[in-house]
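Subject: Handing over a structure

Dear colleague,

I am passing a structure on to you, together with some notes on what was found in it. Please have the sequence and the 3D view open while you read.

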Amino acid sequence: MKITNNTNVQKVLGAYKKKLEGVEKTSKLKQENDKVEISETAREFQVALNAYKKLPEIRQNKVDEVTRQIQSGNYNPSAEEVVHSIFDRKI
């Protein structure tokens, strides 16, 4: 039994061919490549962030200086410095 002579099958095939014609037309369109643009502010932020990441976590020269002052008995911070230090650390 052949189904190609059936009118319903022919209608379906005709609709399918129409859909394919539309696909062929769109495939001929030129596609553009995607682009990513970074703003100047974002570039500046990235440079600053990279510089921050390169900083040492502890400033050893400051630690050494205070250590020397404590050992020699010359470290006498003012009350104001102590208060600012406490509030800066949120203790």
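By class, the residues that line the largest pocket divide into 3 nonpolar, 2 polar and 3 charged ones. Please keep in mind throughout that this is a predicted model, and that the values below are computed from it.

If you would like to find that pocket in the view, look for R59, K62, V63, E65, V66, T67, Q69 and Y75, which together line the largest pocket. The space inside the largest pocket comes to about 220 Å³.

As for the chain as a whole, it contains 4 helices and 0 strands, so that reading along the sequence gives the pattern α-α-α-α. How many of the residues count as buried? Of the 91 residues of the chain, 0% do, where buried stands for a relative accessible area under 20%. The accessible surface of the chain amounts to about 9,700 Å², and carbon and sulfur atoms account for 55% of that surface.

Helix α2, which covers residues 40–54, is a good place to look next, and I would begin with its charged side chains. Which residues meet there in a salt bridge? The side chains of E40 and R43 do, with a distance of 3.3 Å from N to O, and by the rule used here the count for salt bridges comes to 1. Both E40 and R43 belong to helix α2, where they stand 3 residues apart, which is about one turn of the helix. E40 has a relative accessible area of 48% and is therefore classed as partly exposed, while R43 is also partly exposed, because its relative accessible area is 43%; the class in between runs from the 20% limit for buried residues to the 50% limit for exposed ones.

Helix α2 also holds Y52, a residue that takes part in a nonpolar patch on the surface, formed by F45, L49, Y52 and L55. Together these four residues have about 470 Å² of accessible area. Is Y52 itself buried or exposed? Y52 counts as exposed, because its relative accessible area is 60% and the class of exposed residues begins over 50%.

With best wishes for your reading of the model

Definitions and conventions:
Residues numbered from 1 in each chain as written. Predicted model: local features only at pLDDT ≥ 70, side-chain atom pairs only at ≥ 80, totals over all residues. Heavy atoms only, no water. Helix = DSSP H or I, 4+ residues; strand = E, 2+ residues; numbered from the N terminus. Buried < 20%, exposed > 50% of the residue type's maximum accessible area, 1.4 Å probe, protein only. Areas by Shrake-Rupley, 256 points an atom, 1.4 Å probe, with all protein chains shown as cover. 1 Å grid on protein atoms, 1.4 Å probe; cavity = no way out; pocket = protein on both sides within 12 Å on 5 of 7 lines; lining within 4 Å. Points joined across faces, edges and corners; volume = space filled by probe spheres on them. Nonpolar A, V, L, I, M, F, W, Y, C, P; charged D, E, K, R; others polar. Patch = residues over 30% accessible without salt bridge, like charges linked within 9 Å, V, L, I, M, F, W, Y side chains within 5 Å.
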